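Q: Could you take a close look at one part of this structure for me? I would like to understand how its pieces are put together, starting from the middle and working outwards.

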Amino acid sequence: MREVAYTDIVETVSRLAIEANTFLGEDVLRALEAAAASEESPLGKQVLAEILENDRLAASERLPICQDTGAAVVFVEMGEEVSIKGGSLFDAIHAGVRKGYVEGYLRKSMVADPLRRQNTKDNTPAVIHVELVPGDRLKLTLLPKGGGAENMSRMTMLTPAHGAEGVKQFVLETVEKAGPNACPPVIVGVGIGGTFDTVGMLAKKALLRPVGSTHPDPFYAEMEKELLERINNLGIGPMGYGGRVTALAVHIEAAPCHIVSLPVAVNLQCHAARVKWAEL
Ligand code: SF4
């Protein structure tokens, strides 16, 4: 077994929280630059230029890209030969989120209870997804997820008769209903298959893929391409001011499912598509 220190996890998660909220990934910046170059609407072009200027300023001034610094969603790939020394994995992640959000002066957006709504004041708890993988490495990926785009996300239980076109219609309907509220241009995470409880997680996991990457399965790669084109024909445009660029990418994650089911989830990610990862 390889030991990973509790304190290293705390420090890493804290750093990821601050970096993710300050420095937008190169893949997203490149996609926004390409969108600014191709957008036909003058207002849409101007909005994209302002988004890019905001992203550059955030990085140079070490300020958050957006005031909503999100719920801290953490995906963990834990090697089966890793043991945590000095504490538990979950405690370390929560402590790292607490440290990063407090020391980085990031907005604290978590309430302890969905109805009584008392702010926890340190952005904990994190939302944690753990996957056991072969090996002795520990990969931590932090995705600060803003509430605007999250609120416009949807899921449904289709039947197999709805088929691929039913899935596409649901995705298009979700983006259309979201309009400007998801702060477009968006990245569209689509989960297909699994069960009611897992399909949302698939849609969120789809958002981790680098923007501009192609799905390894040609069937889904083609579906992503078609969906992106149909979404960009909706005319919503950057921040909903009209235009050709409503989405930067569509990413699909599919999983086996029951013979009578076709679960679908759409997790929208705004233009502040913040993801940072580290391996210990
Ligand atoms: S949806 Fe994204 S860009 Fe819009 S306010 Fe929330 S975090 Fe910021």
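How far apart do the C-alpha centres of domain 1 and domain 2 lie?

A: Happy to walk you through it, with one reminder: this is a predicted model. The C-alpha centres of domain 1 and domain 2 lie 25 Å apart. The contact between them takes 18 residues from domain 1 and 16 residues from domain 2. If you want to find the two on your screen, the domain assignment gives 2–20 + 65–145 for domain 1 and 148–277 for domain 2.

The ligand is a good place to begin. Its shell draws at least three residues from each of domain 1 and domain 2. The residues around the ligand are Cys66, Gln67, Asp68, Gly146, Gly148, Ala149, Cys183, Cys270, His271 and Arg274. Sorted by class, this shell has four nonpolar, four polar and two charged residues.

Now for the sheets. One of them is an open sheet of four strands in the order β4-β2-β5-β10, and its pairing is mixed. The edges are taken by β4 (127–133) and β10 (276–279); each has a single partner strand, so one side of each is left without a neighbour in the sheet. From one strand to the next, the twist averages 15°. Within this sheet, β2 (residues 71–79) and β5 (residues 138–145) run antiparallel and are joined by eight bridges. To see the pairing up close, look at Val76, which stands opposite Leu140 in β5. Helix α1 (residues 6–22) packs on this sheet, where it touches β5 and β10, and its direction makes about 40° with that of β5. Helix α4 (residues 89–103) lies across β2, β4 and β5, running at about 140° to β2.

Between α4 and β4 there is a loop that deserves a pause. In general, most residues other than glycine have a negative phi, and most peptide bonds are trans. Tyr105, which sits in the loop between α4 and β4, has a positive phi near 50°. Asn123 is in the loop between α4 and β4 too, and its phi is also positive, near 65°. Their surroundings are quite unlike each other: Tyr105 counts as exposed because its relative accessibility is 73%, over the 50% cut-off, whereas Asn123 counts as buried because its relative accessibility is 0%, under the 20% cut-off. Pro125 is found in this loop as well, and the peptide bond that joins Thr124 and Pro125 is cis, with omega about 0°.

The other sheet to look at is again open and has four strands, ordered β6-β9-β7-β8 with mixed pairing. Here β6 (154–158) and β8 (247–257) stand at the edges; each has a single partner strand, so one side of each lacks a neighbour in the sheet. Neighbouring strands are turned by 15° against each other on average, direction ignored.

Let's follow β7 (residues 186–194) through this sheet. It pairs with β9 (residues 262–269) in the antiparallel sense over six bridges. Ile192 stands opposite Val264 in β9, and the bridge partner of Gly191 in β9 is Ala265. With β8, strand β7 runs parallel, and nine bridges join the two. There, Ile187 stands opposite Ala249 in β8. Strand β7 is mostly covered, as nine of its nine residues are buried. Helix α7 (residues 196–206) packs on the sheet and touches β6, β7, β8 and β9, with its direction at about 145° to that of β7.

The approach to β7 has a cis bond of its own. It joins Pro184 and Pro185, with omega about 15°, and Pro185 lies in the loop between α6 (163–178) and β7.

One last stop is Glu224, in helix α8 (residues 218–232). Glu224 counts as buried because its relative accessible area is 7%, under the 20% cut-off. Leaving aside neighbours within four places in sequence, Glu224 is in contact with Arg209, His215, Val250, His251 and Ile252.

Technical notes
Residues are numbered from 1 along each chain as its sequence is written. This is a predicted model: local features need pLDDT of at least 70, side-chain atom pairs count only at pLDDT 80 or more; totals for chains, interfaces and linings use all residues. Side-chain values use heavy atoms; hydrogens and water are left out. Two strands pair if DSSP finds at least two bridges between them. Axes are lines fitted to C-alpha atoms, for helices over the stretch in contact, and angles run from 0 to 180 degrees between N-to-C directions. Contact means heavy atoms within 4.5 Å. Buried means under 20% relative accessible area, exposed over 50%, partly exposed in between (1.4 Å probe, protein chains only). A residue is near a molecule or strand if one of its heavy atoms lies within 4 Å of it. Ala, Val, Leu, Ile, Met, Phe, Trp, Tyr, Cys and Pro count as nonpolar, Asp, Glu, Lys and Arg as charged, and the others, Gly among them, as polar. Domain bounds come from an automatic or database domain assignment.
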